[in-house]
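Reader: Hello! Could you take me through the surroundings of the ligand, one step at a time?

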Amino acid sequence: MSNHFPVNRELFDDVMVPNYAPSAVIPVRGKGSRVWDQQDNELIDFAGGIAVNCLGHCHPALVDALKEQGEKIWHLSNVMTNEPALRLAKKMVDNTFADKVYFANSGAESNEAALKLARRWALDVHGEDKSQIISFKQGFHGRTFFTVTVGGQTAYSDGFGPKPGDIVHAEYNNLESFKALISDKTCAVMMEPLQGEGGIVSPTAEFVKGVRELCDQHNALLIFDEVQTGVGRTGELYAYMGLDVTPDILTSAKALGGGFPIGAMLTTTEIAKHLKIGTHGSTYGGNPLACAVAEAAFDTVNTEEVLNGVKEKAEVYVNGLKAINEKYNVFKEIRGKGLLIGAVLTDDYQGRAKDFLNAAMAEGVMTLVAGANIVRFAPSLIIPNEDIVEGLARFERGVAKIAQ
Ligand SMILES: *Cc1c(COP(=O)(O)O)cnc(C)c1O
């Protein structure tokens with residue numbers, strides 16, 4: 001095998017499908033909340049692989065789990081079950097409202113399973129007419145055709161031919177707009193308990209409560225998409241735990257594997273029973289390697305220490321961002337929950353979130369955006385406070401370049 005060609009950003013344009021626009025920087029290794037690129041430049045990671053690397057890079061507990069399982073058994077398929085999957089499922093049901101777990105490989109697949117389950121449940125229990133799915137504008141649920149259609153941005157679902165039907169969208173945080181759509185024909189409501197991609201928008205307490213009540217009145221299932229908010233991100237194991245509302249189905253991915261691809265759908269025994277043998281499945285779902293890493297991540301995150309740490313670190317961030325803003329006046333709001341933080345640009349900087357990301361990157365700190373007007377932070381849940389302070393200092397230098 002010959003490797004005698006340059007592996008750089010240009011190669012991406014040569015050999016990859018052009019659906020992404022990656023940065024010129026190619027990281028090659030990471031440790032905790034720091035990453036090094038091909039030229040050995042060091043970067044502080046406030047992006048966390050888009051809210052995935054909940055324990056930073058190469059956390060010893062995850063590396064150990066991967067190595068240990070890697071020498072035991074990698075894959076069986078669902079013709080057989082496996083110990084890591086059973087252990088992880090047991091821990092997930094013991095620590096949530098759920099009784100049953102279905103494993104997938106991504107957030108979209110977990111949501112796909114949730115939506116198919118809801119439709120099958122409604123058909124079995126209530127009949128053919130109950131098929132409507134309500135979700136919310138600006139919501140994001142993944143990129144399969146069903147989930148992208150349920151998502152609240154038609155730009156992502158247009159242009160692929162006929163869409164899955166009977167899906168409507170209400171306004172997030174607007175109970176009246178939701179009330180106008182829900183009826184006894186509603187099968188399920190899918191929502192994020194804090195909109196991530198859509199702009200880091202927290203629901204009001206009245207809104208989530210109202211959605212739950214209307215679902216109960218109309219016998220509709222409430223599906224919480226916790227793909228971004230789950231596994232400690234908001235300072236709770238799952239965001240619903242801080243909202244006083246329990247969903248019927250919950251999906252988890254991103255941080256669940258701490259960087260190893262895995263997703264899960266959680267529900268009650270009553271609902272789960274409608275996914276009978278043969279109704280749904282996945283070759284890789286519940287793969288032993290993925291479940292072994294996820295089990296280690298779940299155990300490590302699900303402690304008072306880490307979850308309280310998220311709340312404390314969130315304050316360090318918010319105070320730091322406010323201090324930057326006092327000098328440069330670039331943000332009109334700092335919002336979010338726990339370590340899912342959005343800094344909303346003022347009118348003077350509309351559409352320039354990507355410029356802030358690039359300026360920060362040039363100063364050695366990786367950030368994210370959520371749309372064109374919001375700089376997003378989703379770092380490791382255990383990022384050392386020194387790294388937050390140093391990363392914010394770098395971020396400030398980036399902000400200064402833009403604001404001058
Ligand atoms: C990222 C995300 C998804 C999609 O997850 P994939 O693993 O990319 O399929 C779904 N829902 C929410 C809320 C997300 O943030």
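Author: Happy to. A polar contact here is a pair of N or O atoms within 3.5 Å; within protein, one must be able to donate a hydrogen and the other to accept it, and residues adjacent in sequence count only if both atoms are side-chain atoms. The model is a predicted one, where local features need pLDDT of at least 70 and side-chain atom pairs count only at pLDDT 80 or more, while totals for chains, interfaces and linings use all residues. Residues are numbered from 1 along each chain as its sequence is written, and side-chain values use heavy atoms, leaving out hydrogens and water.

Let us start with the backbone. A polar backbone atom of Ala108 sits 2.7 Å from an oxygen atom of the ligand, and one of Gly107 is 2.8 Å from a ligand oxygen. At Phe140, a backbone N or O atom is 3.3 Å from a nitrogen atom of the ligand. The protein buries 82% of the 380 Å² that the ligand exposes when taken alone (accessible areas by the Shrake-Rupley method with a 1.4 Å probe).

Now the wider shell, meaning residues with a heavy atom within 4 Å of the ligand. Among them are Ser106, Asn111, His141, Glu192, Asp225 and Lys254. By class, the shell holds three nonpolar, six polar and three charged residues, with Asp, Glu, Lys and Arg counted as charged and Gly among the polar ones. Helix H5, residues 107–126, gives the largest share of this shell, three residues; helices are DSSP runs (H or I) of at least four residues, numbered from the N terminus.

Note on methods:
Helices (H or I, at least four residues) and strands (E, at least two) are DSSP runs, numbered from the N terminus.
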